[in-house]
Amino acid sequence: MTDPFAAIDTFLERWRASLAPPFTLAYVDGFIRRHRAQVETLIADTLAHRRARGGERPAYKPDFLAYDALTTAQRRLDAQTDKEVMAQLLRRVDDQFVGGYSERSVIHNFAVEYADTRTEAIFLRDAGWDAVPLLLERPALVVVAGGHVVAVRDWRGGLTIHPDRKGTLNHLFADLDRAEEKLLHIRDVLDLYPDTKEQLVKYAYATWREARKAALNLKQPTPNTTSERKRKSP
């Protein structure tokens, strides 16, 4: 990871250059010198929350704390019915339409991405992880342990482990790969290609339903055919 203070120094330089009277550079430099620790904390928290809201890959420990704050509300959203979750997703889709983005672009690069992320979270929870899909500016997936976010899979697909948990969550990579493979299998079976809002709704509902069915089937005990044959033997 790069030095977090380098980003703060860059921010401060841009801020200084944008100042207008009555604030002189000498006054600003003196203020920063006297309150450097508080300014660094404020800027680090602000940048961390900005990155988290954008679904960006965390770079520093404050970034994970920012994801902690977002995850509580996102967990409540994910716990709602599929219909309620879809209503929230469609509102975000409409907001992006207003911003001038095309329907196909928003559906493919945002809405389907979140639907798939929620599906993968179902499989990860079935594997024993506390996984939460995040409906942010760009969807993300987090894993929680001990009440805190310990891993983030950003919208680009990169998985980042909390610095304090390095080397302790290696099996998460394999479980995430399996979740992605199961999602791809469901997509092949459903053979749905969402290019419109109507198709998106069908795709998301069907994918979530099939993921839950698959997870439920995996939990079913395997019949003990050997014992059954023994009972039927004369």
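## The kink in α4

In this predicted model, helix α4 bends by about 35 degrees, with the kink centred on Thr-71. Does that show up in the end-to-end span, and what are the numbers? The helix covers residues 61–78, and at 1.5 Å a residue its 18 residues should span 26 Å; the end C-alpha atoms sit 25 Å apart, which agrees.

Thr-71, the centre of the kink, is also one of the buried residues of α4. Others on the buried list include Asp-63, Phe-64, Ala-66, Tyr-67, Asp-68 and Leu-70, and further along come Gln-74, Leu-77 and Asp-78. As a reminder, an α-helix has 3.6 residues a turn, so residues three or four places apart point the same way.

## The four-stranded sheet

Now for the strands. Four of them make an open, antiparallel sheet, ordered β1-β2-β3-β4. The edges belong to β1 (130–134) and β4 (159–161); each has a single partner strand, so one side of each has no neighbour in the sheet. From one strand to the next, the twist averages 30 degrees.

Looking at β1 and its partner β2 (residues 140–145), you'll find five bridges in an antiparallel pairing. Val-132 stands opposite Val-142 in β2.

## Helices across the sheet

Which helices lie across these strands? Helix α6 (residues 103–126) lies across β1, β2 and β3 (148–153), and runs at about 175 degrees to β1. Helix α7 (residues 170–190) lies across β2, β3 and β4, at about 155 degrees to β4.

How values were computed
Residues are numbered from 1 along each chain as its sequence is written. This is a predicted model: local features need pLDDT of at least 70, side-chain atom pairs count only at pLDDT 80 or more; totals for chains, interfaces and linings use all residues. Side-chain values use heavy atoms; hydrogens and water are left out. Helices (H or I, at least four residues) and strands (E, at least two) are DSSP runs, numbered from the N terminus. The expected span of a helix is 1.5 Å times one less than its number of residues. The bend at a residue is the angle between axes fitted to the seven residues ending there and the seven starting there. Buried means under 20% relative accessible area, exposed over 50%, partly exposed in between (1.4 Å probe, protein chains only). Two strands pair if DSSP finds at least two bridges between them. Axes are lines fitted to C-alpha atoms, for helices over the stretch in contact, and angles run from 0 to 180 degrees between N-to-C directions. Contact means heavy atoms within 4.5 Å.
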